[in-house]
Amino acid sequence: MRKKIEQILKKETGEEFRLERAPEGRGDYASNTAFLLAKKEKKSPSELAKSLKKKVKADIFSKVEEENGFLNFFLSENALKEEAFLVLEEKENYGKGNAGKTVVIDYSSPNIAKSFGIGHLRSTIIGQAIYNIHEFLGWKVIGVNHLGDWGTQYGKLIYQIKKEGKNPEKLSLKELEEIYVRFHKEAEKNPEMEEEGRKWFAKLEKGDEEARRVWEICRKKSLDEFEKIYRDLNVEIDYVLGESFYEDKLEDVVKEAEKKKVAKKSKGALIIEFGDMPPAMILKSDGSTTYLTRDMAAAKYRLKEFSPDLLIYEIGVDQTLYLRQLFSAVEKMGWAKKEKFVHVGHGMFRLKEGRFSTRKGRTVHLEEVLSLAKKKAEEIIESSATAKGLSREEKKEASKIIGIGAVKYNDLKRHYKRDVVFDWDQVLTLKGDSGPYLQYTCVRCESVLEKAGKYKKEMEELNDEERKIVRRIVQFEEALENAAENFSPNVIAEYAFRLAKEFNHFYDTCQIVGSDKRLAITDATRIILKKCLNLLGISVPQKM
RNA sequence: GCCCUUGUAGCUCAACAGGAUAGAGCAGGACCCUUCUAAGGUCAAGGUUGGAGGUUCGAGCCCUCCCAAGGGCACCA
């Protein structure tokens, strides 16, 4: 809608317009074009705005006003209605794009031999939302789970397992994590253990049978566990291409880097220098590879295999420097321009008391969060009047959808960039600005529509309440676009919350059943809200 | 030490390119269920956008300095 109007305005006035949402009571769209022109032409903005106003004739507007240099555009009733009917017609396809480009998204990417911590939740959920949004806009999207399944840490783990004489088959992920923690504790006193760990990783890289066997077991166990969590979270990642996948591609990368003189020797290791950043290593002095070597191989592979227009890395902000180095290294190698790469660096979870720390026992396991959220939803659903009549099975299913929705939304409503202070009360909120609030509003629409039965797709004159919601519905595409451009699912979350809030107010003040126009508005609201939630990876229960 | 990021109501967060009166939720206060789902709604209260300068017709957003917090800086990933 906005783009359409911008085009019309350009045609009629010959000027570039960049519309923004108008403040309450000042129409539907506003423009500051006159101010921008005023600077260039040294004229008064107000004068310019007035002369621009005269040129605008499109009947998509009911009126155009000039106020202190701003131009305020009021959409005509017809334009609004037509757009609302379009929603009803196209349903869940309303707003679908046809970008025709390809994007590879690296997200979730947990480390193996560790339980899935709350830390990986953000990458998983935000990554999936960005995936959904791009897909809906017509991108070909390839999701990659860059599993952390290779590296010295597994040498250390194998060493410690052997030292403790444990049978890896019988260890749970939690126990593996504990063993790894013990290694670090002991290594503080015996630094030579670090060397042992590195040796075992070198063995692993050379294909040592024993090292290989233990590693395989750990990997398999982790994958099984992660699968379970992904299923719960309703997340499906197209490819699991862990770091180990690139094992046989690393030598080529190293050789190519040497040949192209991108890398050079330093203190027995092989490094890449950048000038504006500290150097990074691709080969350690003992000849084993690093994280960067594998990520370079991964980038090369993705570029070749998928020919993407864009590569998104949804990884914590603590990796910012590292990823800048990676993107720069890829460019130095001549594989792609670094502008093709984007790091969506989400802020880290923290506790009020400080950082999460496995060693200090300050951890929160995702499983625990999800099960508590489900439990709380279950309690509310039991005491809820509106969920009466649900069977026990249905209640259980609904609590699962609601609990998980709450956890996801709590994460997605924030701007990805900022740290999150982990607070049980907030994660488990089922009221107010929360996932369940949106789900509830959706279900509420559904319930009203069901009660009303069929309605005629007609709309007579809109009153203020009705108009307000239709205006909001029309803004959906803008929110969607904004979310995609900035890799910010929170824009959609916020938009959906606004719509839900306005709808609930409308619901409270207007009798819906019995009015075709109001039923049409309710239906459109339902479609858009559900779409928003789906894009965020949140399902809606039948009843709640 | 160097580099990056952040600072908005008591708490947790929004604010779409630098735009008009800075918006929500939670907590606390006063109300609304014999009308369509009260996980809802209404009203009131809550702010010198960390501080000081500057640029601009206009600054939470841009620049400089200061303060505070977080993160990163070669054999972890």
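Start with two domains of chain A. Select domain 1 and domain 2 in this predicted model. Their C-alpha centres lie 51 Å apart. Domain 1 covers residues 2–75, and domain 2 covers 106–355. Add domain 3, residues 366–535, to complete the domain assignment of chain A.

Now colour chain A by confidence. The average pLDDT is 92. A score of at least 70 is reached by 99% of the residues. For the complex, the predictor gives an ipTM of 0.95. Its pTM is 0.95.

**First stop: the four-stranded sheet**

Select strands S1, S2, S3 and S4. They make an open sheet of 4 strands. Reading across, the order is S1-S2-S4-S3, and the pairing is antiparallel. Look for the edges at S1 (20–21) and S3 (61–67), each of which pairs on one side only.

Zoom in on S1 and its partner S2, residues 29–31. The two are antiparallel, with 2 bridges between them. Which residue in S2 stands opposite Glu20? Click on Ala30: that is the one facing Glu20.

In general, strands of a sheet pair through backbone hydrogen bonds, in a parallel or an antiparallel way.

**Second stop: the three-stranded sheet**

Move on to strands S8, S9 and S10. These 3 strands form another open sheet, ordered S8-S9-S10 and antiparallel. The edge strands here are S8 (263–266) and S10 (280–283), and each has a partner on one side only. From one strand to the next, the twist averages 45 degrees.

Select S9, residues 269–272, together with S10. They run antiparallel and are joined by 3 bridges. Show Ile271 and Met281: Ile271 stands opposite Met281 in S10.

Next, add helix H10, residues 250–259. Which strands does H10 touch as it packs on the sheet? The helix touches S8, S9 and S10. Its direction makes about 120 degrees with that of S10.

**Last stop: RNA strand B**

Select RNA strand B and the residues around it. How many residues surround the strand? There are 87. The closest are Arg18, Gly151, Thr386, Gly432 and Ser447.

Colour this surface by residue type. It divides into 33 nonpolar, 25 polar and 29 charged residues. Finish with helix H16, residues 435–452. H16 gives the most to the surface near RNA strand B, with 9 residues.

Notes: Residues numbered from 1 in each chain as written. Chains lettered and ligands numbered in written order. Predicted model: local features only at pLDDT ≥ 70, side-chain atom pairs only at ≥ 80, totals over all residues. Near = placed C-beta within 6 Å. Nonpolar A, V, L, I, M, F, W, Y, C, P; charged D, E, K, R; others polar. Pairing = 2+ DSSP bridges. Domains from an automatic or database assignment. pLDDT = per-residue confidence, 0-100. Axes fitted to C-alpha atoms, helices over the stretch in contact; angles between N-to-C directions. Contact = placed C-beta atoms within 7 Å.
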